[in-house]
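Visitor: Please take me through the aromatic part of this protein, slowly and in one go. I would like to know what surrounds it as well.

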Amino acid sequence: MHAINRGLLLVFPKRPFLDWVNSFDPASAVTLDELWREPEALLVPEFENAEEAEEVVRALSREIFEHMLFEWQTDDQQWPAGRDYRMFREWLDVRSLSMVLDQVDAEIEHTV
């Protein structure tokens with residue numbers, strides 16, 4: 001087992017995100033519990049403390065927000081307007097871990 005030089009962000013949708021998701025097909029509505037079962041896990045540049053983690057989140061917030069929206073709606077015309085950092089924080093809960101351990105000896109396969 002060895003540490004890798006990355007931090008980890010876990011991204012959990014909040015109620016406004018859930019409401020937006022369910023607005024497209026109320027008959028197939030999902031719950032917040034369902035969305036929280038498998039948060040988005042993102043490897044990011046490493047950080048040492050909460051302040052540095054916040055800097056990383058802020059720097060990547062637009063990309064993360066758009067990724068989360070795209071997962072549910074590929075038509076960006078359907079995305080909410082005014083997607084700033086405040087909205088990002090209102091719609092998504094981000095938890096950070098400063099250390100990631102790799103327990104696999106094999107090379108990591110990169111896919112796009």
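**The aromatic rings and their surroundings**

Guide: A search of the whole structure, which is a predicted model, finds eight aromatic pairs. One of them joins Phe17 and Trp20, whose ring centres are 5.7 Å apart and whose planes meet at 55 degrees, a tilted arrangement. These two residues both belong to helix α1, where they are three residues apart, or about one turn of the helix. Phe17 and Trp20 are both buried.

Phe17 also pairs with Trp91, this time edge-to-face, with 6.2 Å between the centres and 85 degrees between the planes. This pair connects distant parts of the chain: Phe17 is in helix α1 and Trp91 in helix α4, 74 residues apart. A residue is called buried when its relative accessible area is under 20%. Phe17 therefore counts as buried, at 0% relative accessibility. Trp91 counts as buried too, because its value is 10%.

The pairs do not stand alone. Ring pairs tie Phe17, Trp20, Phe24, Phe65, Tyr85, Phe88 and Trp91 together into a cluster. One ring of this cluster, that of Tyr85, has Arg58 lying over its face, 3.9 Å from the ring centre.

Now for the wider setting. The largest nonpolar core contains 25 residues, and Phe17, Phe88, Trp91 and Leu92 have the most contacts inside it. Two or more residues come from each of β2 (6–13), α1 (15–22), β3 (40–45), α3 (50–72), α4 (85–91) and β4 (92–97). The element that gives the most is α3, with seven residues. Leu92, setting aside residues up to four places away in sequence, touches Val11, Phe12, Pro13, Lys14, Phe17, Phe65 and Met68.

Two of the helices deserve a closer look. In α1, the buried residues are Phe17, Leu18, Trp20, Val21 and Asn22. They pack against β2, α2 (32–37), α3, α4 and β4. In α3, the buried residues are Ala53, Val56, Val57, Ser61, Ile64, Phe65, Met68 and Leu69. The elements that cover them include β2, α1, β3, α4 and β4. Helix α3 is not straight: a kink of about 60 degrees is centred on Ser61. At its N-terminal end, α3 is capped by Asn49, with a side-chain oxygen 3.2 Å from the backbone nitrogen of Glu51.

After α3 comes a loop that leads to α4, and Trp79 is placed in it. Although it is in a loop, Trp79 counts as buried because its relative accessible area is 13%. Apart from neighbours within four places in sequence, Trp79 is in contact with Trp20, Glu66, Leu69, Phe70 and Gln73. Of these, Trp20 is also a member of the ring cluster. For Gln73, the backbone oxygen lies 2.7 Å from a polar atom of the Trp79 side chain.

Asp93 is in another place: its C-alpha atom is 18 Å from that of Trp79, while the two residues are 14 apart in sequence. Asp93 belongs to strand β4. With a relative accessible area of 18%, Asp93 is buried, because the value falls below the limit for that word. Beyond its neighbours within four places in sequence, Asp93 contacts Leu10, Val11, Phe12, Lys14 and Trp36. Its side chain also makes a polar contact with the side chain of Arg95, at 3.0 Å. Arg95 in turn has its charged end over the ring of Phe12, 5.0 Å from the ring centre. Phe12 thus sits among the contacts of both Leu92 and Asp93.

Last, the chain as a whole. It has four helices and five strands, and from the N terminus on they run β-β-α-α-β-α-α-β-β. The C-alpha atoms fill a box of roughly 45 × 30 × 25 Å along the principal axes. Of the 112 residues, 32% are buried. Among contacts between residues at least 6 apart in sequence, 76% join residues at least 24 apart. The pair of Phe17 and Trp91, 74 residues apart, is an example of a link between distant parts of the chain.

Methods:
Residues are numbered from 1 along each chain as its sequence is written. This is a predicted model: local features need pLDDT of at least 70, side-chain atom pairs count only at pLDDT 80 or more; totals for chains, interfaces and linings use all residues. Side-chain values use heavy atoms; hydrogens and water are left out. A nonpolar core is a set of buried Ala, Val, Leu, Ile, Met, Phe, Trp, Tyr and Cys residues joined through side-chain atoms within 4.5 Å. Buried means under 20% relative accessible area, exposed over 50%, partly exposed in between (1.4 Å probe, protein chains only). Contact means heavy atoms within 4.5 Å. Rings of Phe, Tyr and Trp (its six-membered ring) pair if their centres lie within 6.5 Å; planes under 30 degrees apart count as stacked, over 60 as edge-to-face and the rest as tilted. A charge sits over a ring if NZ of Lys or CZ of Arg is within 6 Å of the ring centre and within 35 degrees of the ring normal. The bend at a residue is the angle between axes fitted to the seven residues ending there and the seven starting there. A polar contact is a pair of N or O atoms within 3.5 Å; within protein, one must be able to donate a hydrogen and the other to accept it, and residues adjacent in sequence count only if both atoms are side-chain atoms.
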